[in-house]
Amino acid sequence: MKSQNKWWKSAVIYQIYPRSFADSNGDGIGDLQGIISKLDYLENLGIDAVWLSPVCRSPQDDNGYDISDYQDIDPMFGTLADMETLIEEAGKHHIRIIMDLVLNHSSDEHRWFQEAKKSRDNPYHDYYVWRDGTEGTFPNDMRAAFGGPAWEWVPELGQYYFHQFSVKQPDLNWENPKLRREIYDMINWWIGKGVGGFRLDVIDQIAKEPDKRITGNGPRLHEFLRELSRETFQKADLVTVGEAWGADTELAKLYSNPDNSELSMVFQFEHICLDQEAGKEKWDLAPLPFLKLKEVFERWQTQLYGKGWNSLFWNNHDLPRIVSRWGNDRKYRVESAKMLAILLHGLQGTPYIYQGEELGMTNVRYEMEDYRDIETLNLYRERLEKGYTEAEIMRSIYAKSRDNARTPMQWNDGENAGFTVGKPWIKVNPNYREINAAGQISDANSVFGCYRELIRLRKKYPVYAEGEFRMLCREDENVFAYLREDEEYQLLVICNFHDGTVQNPLGEPDAGMKLLVGNYPEACRGAVLRPYEAGMYLLDKRR
C-alpha cells in the first residue's frame, strides 16, 4: 500500500528540551543560540526536523508548559529574533523546526487570565473554565495531575477556576469561539514565521466537561480538531502531532486520518504505561510484561496500516531514559541501546529521538535536594505524608522521575559535559566522561553511529514507510521479531530483548537477506542470539 506523499512519513524527528541542550551565554540554562551552534551535529545525525519543548514566554512553573505569551520567546532562551534565526539557519541544514504549543491551558500570568480575574463581565472571563461556589466547598472532587484539587478559589469573583495540572495553569475554555479564533490567529502567525509544524500538548484534554468529570476525549474533541486543522494546519506543508494519553487505535484513526482533516499523528502511550501496577500511578512499579508489549505494538502497526499513522518513540521530556528502563545501562548499555533503536526504527511511523538517546544517555540518581521537577517534588511530599518509606519513594523517583530526561546534554568529557561554562540549572549526570557526543560521532560502532545508519536507511528504502507489518514469534518470551514487506523489499528485524543468551527461533536468515545494521561488531547468523542482540536484514525481491 502506497503512503501519501508526505515528507514526514520518511522523516526522523529529534526532540530538544532547550533548557538542557546547549548553553551559549554561561547562565547555566540552554538557549536558542546554543541550539543554533549544534545544527552541524544534528545535520550529521541526519534528522529532518527538531521538535522544541516550549520556548514561549513563561513563568516556568512547569518548565515552560505554562505559557504567558504565545507570540514571544522566554528571555531565558533568547529573543524572538533568535527564534527567527534558528528557523532560518536550521533550514540551511535541511532541518525544520516544530513548535510545542500548549492549547489546553495557559499560565495564570497570561494577559487573558489577568483580565479574566477582574470581573465576571470581563470579555476574557469566559476564556477559562469557572464554576460558582463557596470557599472550601469544591465544585466536585476532581484532582489535578500534579496533586491537590483541580479547583482554585478566586475570592474577588466568588468562583473557582479549573486546572488539570498546576494551580498556575488554568484550563482554557474551548467552548468559546472567540478564544478559538485567538488561538488560530496565533498559530497562523507562527506558520508565517516559517515553522515546520507543531506538537500539541495534551490536546485530547481541550474538550473537557468537568461537571461530568470528563477531561480526555470530550464529546466535541474531534469537532474542535477539525476546525483547528482547517483554520491553520491545512494552509501549509506541516507535520502535526498531538499528545493523547487516552488514545486507542480507533481514536488514532480519527486523529491521523489520511484525509488530513485533523493531525498527522498522535503520541499514544499504551506501550509506555505497561511497567506500572494495573490501575495505579506510574510510580507504582511493575516488571515489563514483554508479551503484552509485543501485542500492543502489533495492534498499533496493523490497525493503523493504511488508515492512520504511528508516532514511534521510547523517550521524551516526561519519560525516563529507555536504556535504563527496559535495557541494561551498565554491562550492556551499548548493546541494549542499539537493540531498542533497531526494534523501533524498523516499524511503520515517524520515529522520534529524544536528545541524548542517540548517545545512550542514562537515568540519574540525585539526592532529593537536587531534583527540580514539580511532579517529582509533589510526589515525594505526598507519599511521605501517606506513610511510604524514603527507600520506596526514591526507588520510584530513580525509575520514573521526569528529571531523568532533563539532565544536561552530554557533549564531551570536559567541565559540565560541555553543556555550559556556568553552573547548570540541574546537575549533569556523573557518567558524562564515559558517555558523550565527542566520543561517539566518529565511531561507526557507537550508539550514535547506529542511530545515524538507521536514519539513513529510512530515507533510502520505501519499505520503512510503506511496508506492511507482520509479527513473528508472537509467543516467544525473549525475542521481538517482525517482517515489513512491500512490492520490492522484505525487511526482517529480530531482537533479543533480554540480557541472556537465547535460542534464535527463526534460525539462519535466508541466504539472500543482507544484514543492514546490527549491534555487535561481528554479525551472528547462527542459532543463538547473544545478550540484547539485534539485527535488521533486507531482502531485495527484485533479484
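**Cysteines and salt bridges in the predicted model**

Across the whole structure, a search finds 0 disulfides. The model is a predicted one, and its cysteines show how this outcome arises. For Cys450, the closest cysteine sulfur belongs to Cys495 and lies 10 Å away, which is too far for a bond, given that a disulfide calls for two cysteine sulfur atoms within 2.5 Å. Cys473 tells a similar story: the closest cysteine sulfur is again in Cys495, here at 11 Å, so this pair is also too far apart for a bond. As for their surroundings, Cys450 is buried, with a relative accessibility of 3%, whereas Cys473 is partly exposed at 22%.

Charged side chains offer plenty to look at, with 49 salt bridges in the structure. One of them joins Arg111 to Glu182, with 3.8 Å between the closest N and O atoms. Arg111 sits in helix 4, which covers residues 111–116, and Glu182 sits in helix 5, which covers residues 177–193; the bridge therefore ties together parts that are 71 residues apart in sequence. Neither end of this bridge is hidden from the surface: Arg111 is partly exposed, at 47% relative accessibility, and Glu182 is partly exposed as well, with a relative accessible area of 23%.

A further salt bridge pairs Glu270 with Arg299, and here the closest N and O atoms are 2.7 Å apart. Glu270 is found in the loop between strand 11 (265–267) and helix 8 (290–303), while Arg299 belongs to helix 8 itself, so the contact ties together parts that are 29 residues apart in sequence. The two partners fall into separate accessibility classes. Glu270 is partly exposed, at 26% relative accessibility, but Arg299 is buried, at 18%, because the cut-off for a buried residue is under 20% relative accessible area.

Readers following the chain onwards will also meet Arg530 and Glu533, whose side chains form a salt bridge with an N to O distance of 3.0 Å. Both Arg530 and Glu533 are buried.

Finally, some charged residues are joined in a network rather than in a lone pair. Salt bridges link Asp62, Lys282, Asp318, Asp373, Glu375, Arg402 and Arg406 into one such network. On the acidic side this network includes Asp62, Asp318, Asp373 and Glu375, and on the basic side it includes Lys282, Arg402 and Arg406.

Notes. Residues are numbered from 1 along each chain as its sequence is written. This is a predicted model: local features need pLDDT of at least 70, side-chain atom pairs count only at pLDDT 80 or more; totals for chains, interfaces and linings use all residues. Side-chain values use heavy atoms; hydrogens and water are left out. Buried means under 20% relative accessible area, exposed over 50%, partly exposed in between (1.4 Å probe, protein chains only). A salt bridge is a side-chain nitrogen of Lys or Arg within 4 Å of a carboxyl oxygen of Asp or Glu. Helices (H or I, at least four residues) and strands (E, at least two) are DSSP runs, numbered from the N terminus.
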